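Please explain how this protein is put together, beginning with one of its pockets and then moving on to its strands, its cysteines and a few unusual spots in its backbone.

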Amino acid sequence: MTAADATQLPLDRDALAAYVERKWDDEIDPALTDYIAIPAKSPAFEANWAEHGYLERVVADAAAGAEAQRVHGLTLEIVRLPGRTPVIFFDAPATRAGSGESIVLYGHLDKQPEFEGWRSDLGPWTPKYEDGKLYGRGGADDGYAIYASICAIAALDAQGVGRARCVGLIETCEESGSYDLLPYVDALRERLGNVGLVVCLDSGAGNYDQLWLTTSLRGLVGGSLEVEVLDEGVHSGSYGGIVPSSFRVMRQLFERLEDAATGRLLPQAFHCAIPENRLQEAQATARILGDEVWKPAPWACGQDGKP
């Protein structure tokens, strides 16, 4: 089918669901199972990532899986800038006349490290499918993203439903702060085109009953704080109570930033006006999820403890 052949056909939702479920069961779940078994840790947690080759392996596997799908005009390239982690760039040209804008589909393939606390019969690099869920490191964050993106595009193409140009950017440095991403954006800027929408497939979901969209995230500010009172250590018996405690000074500095009783950030620069529709969405989310907003957190006092 050419772009000119695609029309604004009505979407058959049942056929779409059947297509996606079949693809997921037959192809994507097995691909994610293989992906989980590869310890493709992010560079911040694996200094020798290039020598181990795990990031290259998951990128190659994901690229091969994407290229095997029936997507109109799909082109795909593994892009490598010197000294940087690789990215996958794919381009699925539009199948209908439109604004000429691109939809960018983002994801990442690098993983968080093992950590502790796995159930005795589970492990980070030993995938296990149980009760409709696939356990292991990286499948949900964020190995599924490229497969979900390509599957969604292929499902539309299979029905002949016209769509905009879709461009994919799948990185391997996200868990390290994405310090390699912007150089790739700069290098691929012209190929990305006129971007009208970015879909970031790397967030959570409140439950499995609805489709959830993340509309905003809390900001993050990092810094280093050092308090110096004396040039060297002295005996507290001589100077305790005379020399100010560096910890007390540090506490005072923190209290300029945050109300310790409520957690509210005090400098006005950290605040912005929240649109009314976002407040309504938050209230609707609270009504739907109720106690599930806080209960799943791993409270030290147990799941029934109050925060």
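In this predicted model, the lining of the second largest pocket is made up, by class, of 20 nonpolar, twelve polar and six charged residues. The space that lies in this second largest pocket comes to about 1,500 Å³, and among the 38 residues that line it, those closest to its centre are S216, L217, R218, G219 and L220. Two helices that each supply at least two residues of this lining are helix 7, which covers residues 246–257, and helix 8, which covers residues 276–289. Of the contributors to the lining of the second largest pocket, helix 8 gives the most, with six residues.

Helix 8 can also be looked at for its own geometry. It consists of 14 residues, and the distance from its first C-alpha to its last is 20 Å, which is close to the 20 Å expected at 1.5 Å a residue. Just after helix 8 comes G290, whose phi is positive, at about 55 degrees.

From the pocket we can turn to the strands, starting with strand 6. Why is strand 6 described as largely enclosed by the rest of the structure? Seven of the seven residues of this strand, which runs over residues 165–171, are buried, so the strand is largely enclosed by the rest of the structure. Its two faces tell this in detail, since R165, V167, L169 and E171 on one side are buried, and C166, G168 and I170 on the other side are buried as well, which leaves both faces covered.

Strand 6 also has partners beside it. Strand 2, residues 87–92, is joined to strand 6 by five bridges, and these two strands run antiparallel; here F89 has L169 of strand 6 as its bridge partner. Strand 3, residues 101–108, pairs with strand 6 in the parallel sense over seven bridges, and in this pairing V104 stands opposite V167 of strand 6. Strand 3 is itself mostly covered, with six of its eight residues buried. A further pairing links strand 3 to strand 7, residues 194–200, by six bridges, again with the strands running parallel, and in it I103 stands opposite L197 of strand 7. Strand 3 is therefore paired with strand 6 and also with strand 7.

The cysteines come next. A disulfide is a covalent bond between the sulfur atoms of two cysteines. With a cut-off of 2.5 Å between the sulfur atoms, the count of disulfides in this model is zero. Why is C151 not bonded to the cysteine whose sulfur is closest? The closest cysteine sulfur belongs to C166, and it is 13 Å from the sulfur of C151, which is too far for a bond. C173 is likewise in no disulfide, for the nearest cysteine sulfur, that of C200, is 15 Å away. As for their surroundings, C151 counts as buried because its relative accessibility is 5%, and C173 counts as buried because its relative accessibility is 0%.

Helix 4, which covers residues 139–159, brings together two further details. L156 lies in this helix and, at 24% relative accessibility, counts as partly exposed. Although L156 and T95 are 61 residues apart in sequence, their C-alpha atoms are 9.9 Å apart in space. D142 also lies in helix 4, and the peptide bond that joins D141 and D142 is cis, with an omega of about 15 degrees.

Finally, two residues are worth a look for their backbone angles. D131 has a positive phi of about 55 degrees although it is not a glycine, and it is found in the loop between strand 4, residues 128–130, and strand 5, residues 133–135. S178, also a residue other than glycine, has a positive phi near 60 degrees, and its place is in the loop between strand 6 and helix 5, the latter covering residues 181–192. Are these residues buried or exposed? D131 counts as exposed, because its relative accessibility is 71%, whereas S178 is buried, with a relative accessible area of 18%.

Technical notes
Residues numbered from 1 in each chain as written. Predicted model: local features only at pLDDT ≥ 70, side-chain atom pairs only at ≥ 80, totals over all residues. Heavy atoms only, no water. 1 Å grid on protein atoms, 1.4 Å probe; cavity = no way out; pocket = protein on both sides within 12 Å on 5 of 7 lines; lining within 4 Å. Points joined across faces, edges and corners; volume = space filled by probe spheres on them. Helix = DSSP H or I, 4+ residues; strand = E, 2+ residues; numbered from the N terminus. Nonpolar A, V, L, I, M, F, W, Y, C, P; charged D, E, K, R; others polar. Buried < 20%, exposed > 50% of the residue type's maximum accessible area, 1.4 Å probe, protein only. Pairing = 2+ DSSP bridges. Expected span 1.5 Å × (residues − 1).
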